[in-house]
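Here are some short exercises for getting to know a new structure, each with a worked solution. Take them at your own pace, with the model open beside you.

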Amino acid sequence: MTDVHDAEAARWNYRPKGPVGLNPLFNWPPRPAAVLHWYKGAWLPLTSLTLCMVLAVVAYMTFFPALETMQTFAPGWMFRIWLLNMVPQILVAGGLHWWLYMRKGQGMYKKFDRRDLTRGNGTFTFRNQVLDNIWWTLGSAMTVATIYQWLIYWAMANGYAPVITWAAAPVWFVIWLMLIPMWSGFHFYWVHRLEHHPKLYKHVHAVHHRNVNIGPWSGISNHWYENTLYFTTYFIHLIVPSHPLHLLFHAYFQQISPVLSHSGFEKLKAGETDAARAGDFFHQLHHRYFECNYGTSEIPFDKWFGTYHDGSAEATTRTRAYKKQMYT
Ligand SMILES: [Zn+2]
Ligand SMILES: [Zn+2]
């Protein structure tokens, strides 16, 4: 099918060519070269993974409290953990919002949606999409994420959770770091499917879905109840042997990578070249059509369960039909 007859092409300012990609690790027969290419694309250029890794290492080396100090709940280290959540969130989301939507630093280049973010719309808290998103991110999400992290660091410090060191287990240290995004994707798929249950959706997840046209601050703009579920992903560190750096990376991956994936732009341009991978068309489609692409492209649950939208007009027709039967 050519673009001339493709109804889907008309619905976007820009969309990637061809079907939206999924991790080829799960293809059969195996395609090792494609898998290598997928992971090279995820880790070698500037992506949310590499950004979150750098943030975690810098935070750990400069500002992270010593584990021994976290044996009892005390304001000093607890405040630091909150700052370690708040400051990067404000810098990354605020910075991207300023550059892409206020300064319009790259115009409409690789922007998926034609429309600008919404103002003067009663659907949003404060009648303003950006202020609404900032409130749910910094007020609700950061609070829940911080409380969960307090509990886990306290458990690690007291030996209630298994802690490893780099020296004792370097191989597991690296493997576990690489697996965290996959665990997070697995956890997200199930939590997210649950939130699309009509009852939960209406009162809880709808807060996130007010954003049909998304921006950096939409990433974790979630209702309180959604946040209490969404951040339970961290509790894996109570069971799986981890170092505090694993939780730091996990936290940034969970909190910062949605900022990039919701940025609304596929690539960030520096000068004349694409400098970084940002937006995720896979999830952009979820915000436009709702009942598709519940997971991430990291594990293809959506393909396995028939809810995969690959960006084509046929997939939109199929999704709309599925949505109709789901709500009637
Ligand atoms: Zn959703
Ligand atoms: Zn979203």
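Before we start on the hairpin, one definition helps: two strands pair if DSSP finds at least two bridges between them. Please also keep in mind that this is a predicted model.

**Exercise 1. Find how strand 1 and strand 2 pair, and describe the turn of their hairpin.**

Solution.
- Step 1: Locate the strands, which are residues 267–270 for strand 1 and residues 273–277 for strand 2.
- Step 2: Look at the bridges; there are four of them, and the pairing is antiparallel.
- Step 3: Pick out partners. Lys269 stands opposite Asp274, and Ala270 has Thr273 as its bridge partner.
- Step 4: Turn to the two residues between the strands of this hairpin; Gly271 has a positive phi near 65 degrees.

**Exercise 2. Work out which helices build the largest nonpolar core.**

Solution.
- Step 1: Start with the size of this core, 49 residues. Cys52 and Tyr252 have the most contacts inside it.
- Step 2: List the suppliers. At least two residues each come from helix 2 (48–62), helix 3 (75–102), helix 4 (129–157), helix 5 (170–195), helix 6 (198–209), helix 7 (224–230) and helix 8 (244–261).
- Step 3: Find the largest share, which is the eleven residues of helix 4.
- Step 4: Zoom in on Tyr252. Leaving out residues up to four places away in sequence, Tyr252 touches Cys52, Leu55, Ala56 and Pro88.
- Step 5: Notice a second, separate core of seven residues, among them Val20, Phe112, Leu285 and Tyr308.

**Exercise 3. Check the span of helix 5, then say where helix 5 bends and what its buried residues pack against.**

Solution.
- Step 1: Helix 5 has 26 residues, so at 1.5 Å a residue the expected span is 38 Å. The end C-alpha atoms are 37 Å apart, which agrees.
- Step 2: The bend is at Leu179 and amounts to about 35 degrees. A proline, Pro181, follows within four residues.
- Step 3: The buried residues of helix 5 are Trp176, Ile180, Pro181, Phe188, Tyr189, His192 and Glu195.
- Step 4: Their packing partners are helix 2, helix 6, helix 7, helix 8 and helix 10 (301–304).

**Exercise 4. Compare the UniProt records with the model.**

Solution.
- Step 1: An unreviewed UniProt entry lists "transmembrane region" at residues 41–61, 81–101, 134–157 and 163–190.
- Step 2: In the model, residues 81–101 are 100% helix, with end C-alpha atoms 29 Å apart. Residues 134–157 are 100% helix too, and their end C-alpha atoms are 32 Å apart.
- Step 3: UniProt also places "domain: Fatty acid hydroxylase" (unreviewed entry) at residues 179–307. That span is 52% helix and 7% strand.

**Exercise 5. Decide whether Lys104 and Lys110 are exposed or partly exposed, and look for backbone surprises.**

Solution.
- Step 1: Recall that most residues other than glycine have a negative phi, and most peptide bonds are trans.
- Step 2: Lys104 has a positive phi near 50 degrees, and Lys110 has one of about 55 degrees.
- Step 3: Lys104 lies in the loop between helix 3 and helix 4, and Lys110 is placed in that loop as well.
- Step 4: Count neighbours. Lys104 has 12 C-beta neighbours inside 10 Å, so Lys104 counts as exposed. Lys110 has 19 other C-beta atoms within 10 Å, so Lys110 is partly exposed.
- Step 5: Finish at Trp28 and Pro29, which are joined by a cis peptide bond with omega about -5 degrees. Pro29 sits in the segment before helix 1 (32–43).

Methods: Residues are numbered from 1 along each chain as its sequence is written. Chains are lettered from A and ligands numbered from 1 in the order in which they are written. This is a predicted model: local features need pLDDT of at least 70, side-chain atom pairs count only at pLDDT 80 or more; totals for chains, interfaces and linings use all residues. A nonpolar core is a set of buried Ala, Val, Leu, Ile, Met, Phe, Trp, Tyr and Cys residues joined through C-beta atoms within 7 Å. A residue is buried if 20 or more other C-beta atoms lie within 10 Å of its own, exposed if 12 or fewer, and partly exposed in between; C-beta atoms are placed from the backbone. Two residues are in contact if their C-beta atoms, placed from the backbone, lie within 7 Å. The expected span of a helix is 1.5 Å times one less than its number of residues. The bend at a residue is the angle between axes fitted to the seven residues ending there and the seven starting there. UniProt positions are given in the numbering used here, feature names are shortened, and annotations may be inferred rather than shown by experiment.
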